[in-house]
Amino acid sequence: MGEIENLANLPDPERLAGDIEGAADDNTPTCAGGCGLCRQNADYEPPRSKFTSHNWLADIPGGMADSDLVEVTFKNTRKGFYRNSTGLPLDIGDMVAVEASPGHDIGRVSMTGALVGLQMRRANLKPDAEIRRVFRKAKPADLEKYQEAKAKENDTMIRSRKIAESLQLNMKIGDVEYQGDGNKAIFYYIADERVDFRQLIKVLAETFRVRIEMKQIGARQEAGRIGGIGPCGRPLCCSQWMTNFVSVGTAAARFQDISLNPQKLAGQCAKLKCCLNFEVDTYVESVKKLPPKDVRLETIDATWFHFKVDIFKKEITYSSDKNVAANLTTISAARAFEVIGLNKQGVKPEKLKPGDEKEKAAPKEFGDIVGQDSLTRFDKAKKKKKKKKPAQGAGGDGAKQQPKQPKPQQPKEPKPQQPKEPKPQRPPREGDNKPGGKNKKRQGPAQGNNAESKPQQ
């Protein structure tokens, strides 16, 4: 119902169009970016995903969601909590002018209502801490100064880096943020050691004529400000939803049996990946259900040592040699506990595996049966040429088929050398003496071969 009332209270579109045209003629900003008109524009950008929170107390009757506390978001990850003492009608996305020291700052409202108190408790703010006020909604003049100050941030950062390098300070200035009124600048820097930047503050104040504040951030915070794509193919967690950074150690990688390769364990911030802590608790609970690694299993035939473990299948592989992978045998965790119990009683089983447990068949090596992985599978197969046999004619056609006889190049083939070996003579057949028979045609080349083979003998 609240949204319907807000829509009903919107001003006349024709009057708004006239106001926008008049403001465009004056070259002044039209709005604060959070009013009802700007929410309908495509240029309005909602807060980043890590700052958005659903106000689940908004529709609860009885004034449970009523509160004068407001959460305001500034550049990147900076937040602040303020008190709406004047009772301004503020919504998420409104640009407001808040109290600062000195002057005022410009930010965007990211949360209102009773949930702000829970966010303050999460940020470890004490209840008796001083809470500054919200002055007003940002006016066009405030936004103009804010845009002018914001345009100087990149140039200020580059010049400040050169100044720090000239002073030979072992630090890196990663970002610069101007206050909304332009009277103050916050310099975010990264340093591995303690840095004495008192001289740097004096030079920066003389150069830029503003009040200087230095804030040290870590490598993870810098990566969250810059953003990027992780090895998983998704945006970095520190730039999307992570607000608190917990220390990560190599013990998390050991629990998950991950290779301790610095290149794979390090993220874009050159620190251990934060995602190593996401599943380590599950691995720690699963390891408790498995036998310890330093326990030996005694059998009649050998002594077995722990080699590797599959946490998901709850299977342990043992080796008969402590230093070399020899006679590897894989058993279940239940069987390992059973053997450990027998060894405590002084009993050694015959084999590590029970007798009724069958050996799993070793996986067969990959065989390309179809030939789908061959590089020449799309090439056309060459057809083998079949040798032409001499045509055999019928009885009286011997004279017509003589031109089809083989060429006189046959003596070059190794066949004429065969007469060196004695061959049994073929017995005479019927029709050999007939003038038009088949054998009469065959005798022609045979006699020629005999005639040529005589000189060789």
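Before I name any elements: helices here are DSSP runs of H or I of at least four residues, strands are E runs of at least two, and both are numbered from the N terminus. The model is a predicted one.

Let me start with a cis bond. The peptide bond from S101 to P102 is cis, and omega is near -5 degrees. Where does P102 sit? P102 is in the loop between β3, residues 95-99, and β4, residues 104-112.

Now to β1. This strand is mostly covered, with five of its five residues buried. Look at the side chains. L69, E71 and T73 point one way, V70 and V72 point the other way, and all are buried.

Which strands does β1 pair with? One is β2, residues 79-83, which runs antiparallel to β1 and is joined to it by five bridges. L69 has R83 as its bridge partner in β2. The two strands form a hairpin, with five residues between them. In that turn, N76 has a positive phi of about 60 degrees. β1 also pairs with β4, again antiparallel, over four bridges. There, V70 stands opposite T112 of β4.

Stay with the loop between β1 and β2 for a moment. R78 lies in this loop, and E177 lies in strand β6. Their side chains meet in a salt bridge, 2.9 Å from N to O. The pair therefore ties together parts that are 99 residues apart in sequence. Buried or exposed? R78 is buried, and E177 is buried as well.

Strand β6 holds another partner, K172, while E222 lies in helix α8, residues 219-226. E222 and K172 form a salt bridge, with the closest N and O atoms 2.8 Å apart. So this pair ties together parts that are 50 residues apart in sequence. How covered are these two? E222 has 14% relative accessibility, and that counts as buried because the cut-off is under 20%. K172 is at 40%, so K172 counts as partly exposed.

A third pair is K288 with E285, where the closest N and O atoms are 3.7 Å apart. K288 is exposed, at 60% relative accessibility. E285 is partly exposed, at 46%. There is a network too: salt bridges link K75, E153 and D175. How many salt bridges are there in the whole structure? A search finds 14.

On to the cores. In soluble globular proteins, nonpolar side chains tend to be buried together. Here, the largest nonpolar core has 20 residues. Which of them have the most contacts inside it? M171, I173, F187, L200 and M214. Five elements each give two or more residues to this core: α6 (153-166), β6 (172-178), β7 (184-190), α7 (198-208) and β8 (211-216).

Take I173 as a closer look. Leave aside its neighbours within four places in sequence. I173 is then in contact with M157, S160, R161, A164, F187, Y188 and Y189. Apart from this largest core lies another, of 13 residues, including L290, L297, W304 and A333.

Next, the open sheet. Four strands run in the order β9-β10-β11-β12, with antiparallel pairing. Which strands stand at the edges? β9 (297-298) and β12 (329-332), each with a single partner strand, so one side of each is left without a neighbour in the sheet. β9 and β10 are joined by two bridges. E298 stands opposite T303 in β10.

Two residues other than glycine deserve a look for their phi. K314 is in the loop between β10 (303-310) and β11 (315-319). K314 has a positive phi, about 55 degrees. K314 is partly exposed, at 40% relative accessibility. D257 is in the loop between α10 (250-255) and α11 (262-265). Phi of D257 is positive as well, near 55 degrees. D257 is partly exposed, with a relative accessible area of 46%.

Last, the surface. Which residues make the nonpolar patch of about 290 Å²? W56, I60 and L118. W56 lies in the loop between α3 (36-40) and β1 (69-73). That brings us back to β1.

Notes
Residues numbered from 1 in each chain as written. Predicted model: local features only at pLDDT ≥ 70, side-chain atom pairs only at ≥ 80, totals over all residues. Heavy atoms only, no water. Core = buried A, V, L, I, M, F, W, Y, C linked by side-chain atoms within 4.5 Å. Buried < 20%, exposed > 50% of the residue type's maximum accessible area, 1.4 Å probe, protein only. Contact = heavy atoms within 4.5 Å. Patch = residues over 30% accessible without salt bridge, like charges linked within 9 Å, V, L, I, M, F, W, Y side chains within 5 Å. Areas by Shrake-Rupley, 256 points an atom, 1.4 Å probe, with all protein chains shown as cover. Salt bridge = Lys/Arg side-chain N within 4 Å of Asp/Glu carboxyl O. Pairing = 2+ DSSP bridges.
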